[in-house]
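Reader: I would like a close look at a single part of this protein, the salt bridges. Please go through them one at a time.

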Amino acid sequence: MGEYVIKLPDVGEGVAEAELVEWHVKIGDLVREDAVLAAVMTDKATVEIPSPVDGEILWLGAEIGDTVAIGSPIVRLKVAGEGNVKGGAAELASKAEAAAKAVEVKPEPAPSAPKAAPKAAEPPAKASPSVAAPKSARPSSVAGAPRPEGEKPLASPAVRLRAKEAGIDLRQVAGSGPAGRISHEDIEAFLARGPQLARATGLAPKDGVEDIKVVGLRRKIAEKMSLAKSRIPHITYVEEIDVTALEELRATLNKEKRTDRPKLTLLPFLMRAMVKAIADQPNLNALFDDEAGVIHQHEGIHIGIAAQTPTGLVVPVVKHAEARDIWDCAAEVNRLAEAAKSGTASREELSGSTITITSLGAMGGVATTPVINHPEVAIVGVNKMMVRPVWDGTQFIPRKMMNLSSSFDHRVIDGWDAAVFVQRIKALLETPALIFVD
């Protein structure tokens with residue numbers, strides 16, 4: 001038997017390191033060639049690491065969330081034959097096993113932390129005998145509380161004053177006297193028994209704390225959002241758009257579309273409107289290198305589409321939207337959305353945007369404050385479409401309305417320019433025929 005060491009391979013993209021986000025095996029597992037051992041994440045793409053040989057896992061060289069350099073050993077296996085470790089196989093195997101034990105025990109403390117939660121519930125349990133003991137002589141004291149709204153419990157003025165001073169609603173206190181009359185002892189018992197009473201009504205307090213390590217895509221998102229909010233002074237502009245005519249056009253085009261064309265959503269129309277608006281204001285389609293003090297204004301319009309996936313927020317990019325018609329934009333959005341959801345989107349497909357659209361679809365709310373996709377200078381947010389009454393000068397009529405919430409880097413985009421950009425998009429969407437006019 002020999003030992004085989006697997007090193008983190010070059011995952012492409014020119015990266016020097018990657019974050020370990022998932023183990024698919026554990027020490028002692030028998031694996032076959034090509035079985036997936038782990039998953040690592042680069043800037044955004046997740047890459048699976050397969051096993052090149054059959055063997056038994058002896059050692060795992062990193063924990064979830066660790067950053068591993070390309071070429072570093074990450075797995076040791078016991079294999080048939082000599083393996084790829086030269087000399088001293090037995091000694092190496094011993095070291096590997098020792099290392100394996102060290103790694104093996106490390107994951108245990110993590111889940112033990114939440115187990116501390118049940119202990120926090122012990123004090124009330126211990127307190128119950130001491131509190132409940134004197135009440136055992138009055139088993140009926142619990143009955144009758146809480147009382148319904150409007151019911152006035154029996155109690156002397158002095159007891160009522162004591163309850164008032166203690167901030168107690170007497171309807172919550174069980175009386176041990178005749179006909180449920182509440183005594184001073186009942187008040188004091190209630191104060192001592194408060195948490196237990198709450199537990200009896202199903203409102204038990206919870207003191208447990210679960211520590212969840214922020215790794216993988218969630219950590220990337222956190223870093224990206226922190227960078228954007230710390231470096232970019234945002235200005236957000238919200239405008240209401242009447243999309244009644246656009247919705248009518250969209251429905252007609254979908255009804256009459258060829259079978260080889262995708263169903264149109266609002267996004268392709270918005271993308272084409274942005275392309276036309278950027279033609280008038282190319283400074284909106286730019287990246288700001290604030291360290292170098294340079295604005296990189298791009299001719300090609302590469303629109304990022306912020307998309308929610310099962311693992312978190314990603315931004316696939318529709319490259320060269322200026323060269324795509326409405327149908328091509330729709331097809332590319334659909335293709336990238338599927339790739340993002342399935343986790344098969346490449347690094348190239350998840351980078352290179354020059355301006356971004358963010359949309360929560362039906363959950364879009366009335367208005368949002370989109371965070372700019374650093375180092376871009378603008379982001380357009382789509383809010384929920386709904387039918388609202390609109391005054392046409394003589395009467396209220398129902399119209400399909402939608403807000404756009406757009407944020408801009410105020411270091412390089414003035415409020416006036418931001419307003420002009422959004423108003424241009426509004427004009428195009430409200431008269432959608434203009435989108436198709438060159």
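Author: What follows is a walk through some of the salt bridges, with a short stop at one buried residue. The model is a predicted one. The count of salt bridges comes to 22.

Take Arg 162 and Glu 188, whose side chains meet in a salt bridge at 2.9 Å, N to O. This pair links distant parts of the chain, with Arg 162 in helix α4 (residues 157-166) and Glu 188 in helix α5 (residues 184-200), 26 residues apart. Arg 162 is partly exposed at 26% relative accessibility, and Glu 188 is partly exposed at 39%.

Next is the salt bridge between Arg 388 and Glu 240, where the closest N and O atoms are 2.6 Å apart. Here strand β17 (residues 386-391) holds Arg 388 and strand β9 (residues 234-242) holds Glu 240, and 148 residues separate the two. Arg 388 counts as buried because its relative accessibility is 16%, under the 20% cut-off. Glu 240, at 36%, is partly exposed.

Strand β9 covers residues 234-242, and Ser 406 touches Ile 235, Thr 236 and Tyr 237, among others. Ser 406 lies in strand β18 (residues 396-409) and is buried, with a relative accessible area of 1%.

Glu 430 and Lys 426 form a salt bridge too, with 3.0 Å between the closest N and O atoms. Both are in helix α10 (residues 415-430), and because they are 4 residues apart, about one helical turn separates them. Glu 430 is partly exposed at 27%, whereas Lys 426 is buried at 18%. Elsewhere, salt bridges with shared partners join Arg 231, Asp 290, Glu 291, Asp 409 and Arg 411 into one network.

How values were computed
Residues are numbered from 1 along each chain as its sequence is written. This is a predicted model: local features need pLDDT of at least 70, side-chain atom pairs count only at pLDDT 80 or more; totals for chains, interfaces and linings use all residues. Side-chain values use heavy atoms; hydrogens and water are left out. Buried means under 20% relative accessible area, exposed over 50%, partly exposed in between (1.4 Å probe, protein chains only). Contact means heavy atoms within 4.5 Å. A salt bridge is a side-chain nitrogen of Lys or Arg within 4 Å of a carboxyl oxygen of Asp or Glu. Lists of a residue's contacts leave out its neighbours within four places in sequence.
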